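Student: I've got a structure open and I'd like to work through part of it with you. Can we go step by step?

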Amino acid sequence: MPVLPDRSARHSTVAMALRTAALVNALADPAAGPREIAGVLLAHGEDPPLTVTAEDVPPMRAAAVRLREVFAAASVDEAAALLDPLLAARTGPLRLTSHGGASPWHPHLDASDDAPWPEWFLASGCLALAVLLWDRQAPPGRTCASARCGDVFVPHGSGPERRYCSRRCATRERVAAHRARTAAAPGAD
Ligand SMILES: [Zn+2]
């Protein structure tokens, strides 16, 4: 998973969106518990020590389901229509924090710096996806085109539009498509 160690890059919109995608993907695994979720948070720059409890996981999983719908939106209009009710009902007013000087100033939509993980996750995910949508005027995320994967991802950087979450999925699907073609037309390739 991509990790952005630089202090201000860690708080960029893309870094927040990548962390949101990593959590949505991790929480899709029914076996994932507090240890796995804490591992994702640490890998994305949250400071240790951090405690995720067993009680945090089900509401985080529920938030992940809502955020996954936004990642799966096929158009910017659809993504906005999914984000708007979440912003209205499930997040707080926009506030700025530097976590007492420990980080660059950045916006939050949770009620306080001590908000529980589920509230923080939904709020930070909605914020990152809303800003990306605003900036790009495009859906802020995608779902991997590999039927065997289903992970969500954040398209970023230049180059052709990505259909797969990773090089691994792209290669696997290319090999499978090639095999299917050669099986259908023996000797043609
Ligand atoms: Zn994939």
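What follows is a short chat about one helix, its partner and a nearby loop.

Student: Okay, how many residues of helix 5 are buried?

Tutor: Keep in mind that this is a predicted model. Helix 5 covers residues 117-136, 20 residues in total. The helix is mostly covered, and the buried count is 15 of its 20 residues.

Student: What distance does helix 5 reach from its first C-alpha to its last?

Tutor: Start from the expected value: at 1.5 Å a residue, we'd look for 28 Å. The model comes out close to that for helix 5, with a reach of 28 Å.

Student: At what angle do helix 4 and helix 5 pack?

Tutor: Two packed helices are described by the angle between their axes and the distance between the axes. For helix 4 (residues 76-89) and helix 5, the axes are 10 Å apart. Their crossing is left-handed. The packing angle is about 145°.

Student: Which residues in helix 5 do the helix 4 residues meet?

Tutor: On the helix 4 side we have Val76, Ala79, Ala80, Leu83, Leu86 and Leu87. By class, the contact has ten nonpolar, no polar and no charged residues. The helix 5 partners are Cys126, Leu129, Ala130 and Leu133.

Student: Is Leu109 buried or exposed?

Tutor: Leu109 sits in the loop between strand 2 (106-108) and helix 5. Its contacts include Ala123, Cys126 and Leu127. A residue is buried if 20 or more other C-beta atoms lie within 10 Å of its own. Leu109 has 23 of them within 10 Å, so Leu109 is buried.

Notes: Residues numbered from 1 in each chain as written. Predicted model: local features only at pLDDT ≥ 70, side-chain atom pairs only at ≥ 80, totals over all residues. Helix = DSSP H or I, 4+ residues; strand = E, 2+ residues; numbered from the N terminus. Expected span 1.5 Å × (residues − 1). Buried ≥ 20, exposed ≤ 12 C-beta atoms within 10 Å, placed from the backbone. Axes fitted to C-alpha atoms, helices over the stretch in contact; angles between N-to-C directions. Left-handed = near helix turned anticlockwise from the far one by under 90°. Contact = placed C-beta atoms within 7 Å. Nonpolar A, V, L, I, M, F, W, Y, C, P; charged D, E, K, R; others polar. Lists of a residue's contacts leave out its neighbours within four places in sequence.
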